[in-house]
2 protein chains.
Amino acid sequence: MSGLAEQKESGSARVAESLAVAIHEHRLSPGMKLNEDEVGEIYGVSRTVVRAALQQLSHDRLVELKRNRGAFVAQPTVKEAREVFEARALLEPRTAHSAAERATPEDIEILQRHIDEEHAALEQGDTGRALHLSGMFHIEMARIADQSTVADFIAQLVSRSSLIIALYWQRRAALCESHAHDALIKAMARHDGKAAEELMKHHLLDLLTSLDLRDQPSVAKSLKDALT
Amino acid sequence: MSGLAEQKESGSARVAESLAVAIHEHRLSPGMKLNEDEVGEIYGVSRTVVRAALQQLSHDRLVELKRNRGAFVAQPTVKEAREVFEARALLEPRTAHSAAERATPEDIEILQRHIDEEHAALEQGDTGRALHLSGMFHIEMARIADQSTVADFIAQLVSRSSLIIALYWQRRAALCESHAHDALIKAMARHDGKAAEELMKHHLLDLLTSLDLRDQPSVAKSLKDALT
DNA sequence: TGCGCTATTTTTGTATACAACTTTGTGGAC
DNA sequence: GTCCACAAAGTTGTATACAAAAATAGCGCA
């Protein structure tokens, strides 16, 4: 599938996607400087497209742009982490409610496939892929709810959550215990909106409490930030 | 204030802001093509900064970017309009609740000033400014709630709402009857979170029902769209 | 006259060149 | 030896030049 079929997306989209994956997988550390020339060299593109990609990632809050200073991998603070999950708590439970009421058998099938792949990835120890699929589950749910505007917000929040989880992860088992997703899909299969809403609410709470948000991130943006 | 004091923001931010205002004030019609050379000439900047501005506006959903085709002023569909207000209904009532509980006397003062200016603008017939201030009221409320992540979403939704209202506006009086904001500020002054939440919920419902979302937008994207 | 193909023009996508700013390194004064 | 000023290097911000794609116009043909 990655041979020569797709060539439609623009260069900046490709670079942004690749950088986003690298950030999610924690290969790019929070706070790391993203030099435009360097990135351009790596992907074989000019600074023009690198800048477009960085601007896009900046809007997704995966990188922070500082005027005349450059782009840095975002380093969500504890406050920001809480805010992201509070925003999700506002959006996702009622979206799950709608999704449960609207879900078709095909939708359930798609979600079930996501869960199965997630399980497989976890068993193989590929936590990065499991995390990605776990996020896709949430995004797919918003799509089922037929709320593309909310879905866009959720997609952004899920993306930021991945970075947050990578930063503040406390215990591996809490990654997004597929039990929660299993229960959710069952509620959706029987179109039990209220149950889905409650399950999602508690799922997000569990996710939040599984993070260690007591102290500041360990990696500082700069030495000054760390030593003052 | 517009003489020579501020010169800090980048060119693209300035262009984006100016275009956004023009779109909100309906001076740029939905569907209108935004030629990069033309825009650049108007603002005396190169296409480079115009493209950056357009990309930013695209992320705010105020313009639509079509690959190899260019940028067009967004033309929200009826479905999109409903979705925007449904998203606001998810976010704003509970944000108003938090804001009411946290609001300081200074916060109330700021909001009151917004309302006063809004009243003044309405009496002067400057509906564009009134609409802008009305939106600022909602954004300020999210700021008071100390939820900058949610505030960013609300800011984007308010911005899109302005365009939607400009498109689907039915009756002038419904613009954002300041009565609703007056009642909200009173609830906040007495830190009545529950009341603020309910008021916001109904305010948004009123806003939505004041729009004429029965049929498609009247302005076509191009002459061809209109005549074929 | 109407249709379809090709050539031209226009516009966007990308690369490169230059200017402005920030940071860093060096040297001198105290 | 420390601090400040200034110069040098490096990076970002912007403008321009070129390539690729789309829109348009002109022509030939039925």
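Student: By what turn and shift can chain B be laid on chain A, and with what RMSD?

Tutor: A turn of 180° and a shift of 0.0 Å along the axis do it, with an RMSD of 0.1 Å. The two copies are thus related as by a two-fold rotation axis. Copies are superposed by least squares on the C-alpha atoms of residues with pLDDT of at least 70 in both. This is a predicted model: local features need pLDDT of at least 70, side-chain atom pairs count only at pLDDT 80 or more, and totals for chains, interfaces and linings use all residues. Residues are numbered from 1 along each chain as its sequence is written, chains are lettered from A and ligands numbered from 1 in the order in which they are written, and side-chain values use heavy atoms, with hydrogens and water left out.

Student: Which residue of chain B comes closest to the rotation axis?

Tutor: Leu90(B), with its C-alpha at 3.2 Å.

Student: And why do the copies meet through the same surface?

Tutor: Because 100% of the interface residues of chain B are also interface residues in chain A. Contact there means heavy atoms within 4.5 Å.

Student: On to the DNA. How many residues surround DNA strand C?

Tutor: 17, with Ser46(A), Thr48(A), Arg69(A), Arg47(B) and Arg51(B) the closest. A residue is near a strand if one of its heavy atoms lies within 4 Å of it. Sugar and phosphate account for 67% of the atoms of strand C that come within 4 Å of the protein.

Student: Which side chain has a polar atom by a base nitrogen of strand C?

Tutor: Arg47(B), at 2.9 Å. That is a polar contact, a pair of N or O atoms within 3.5 Å. Phosphate oxygens of strand C also lie 3.3 Å from a polar backbone atom of Gly11(A) and 3.0 Å from one of Asn68(B).

Student: Which helix gives the most to the surface near strand C?

Tutor: α3(A), with three residues. Helices are DSSP runs (H or I, at least four residues), numbered from the N terminus. α3 spans 47-59 in chain A and in chain B, and each supplies at least two residues of that surface.

Student: What about DNA strand D: how many residues surround it?

Tutor: 18, the closest being Arg47(A), Arg51(A), Ser46(B), Thr48(B) and Arg69(B). α3(B) gives the most to this surface, with three residues.

Student: Which polar side-chain atom lies 2.4 Å from a phosphate oxygen of strand D?

Tutor: One from Arg69(B). Gly11(B) places a backbone N or O atom 3.2 Å from a phosphate oxygen of strand D.

Note on methods:
A polar contact is a pair of N or O atoms within 3.5 Å; within protein, one must be able to donate a hydrogen and the other to accept it, and residues adjacent in sequence count only if both atoms are side-chain atoms.
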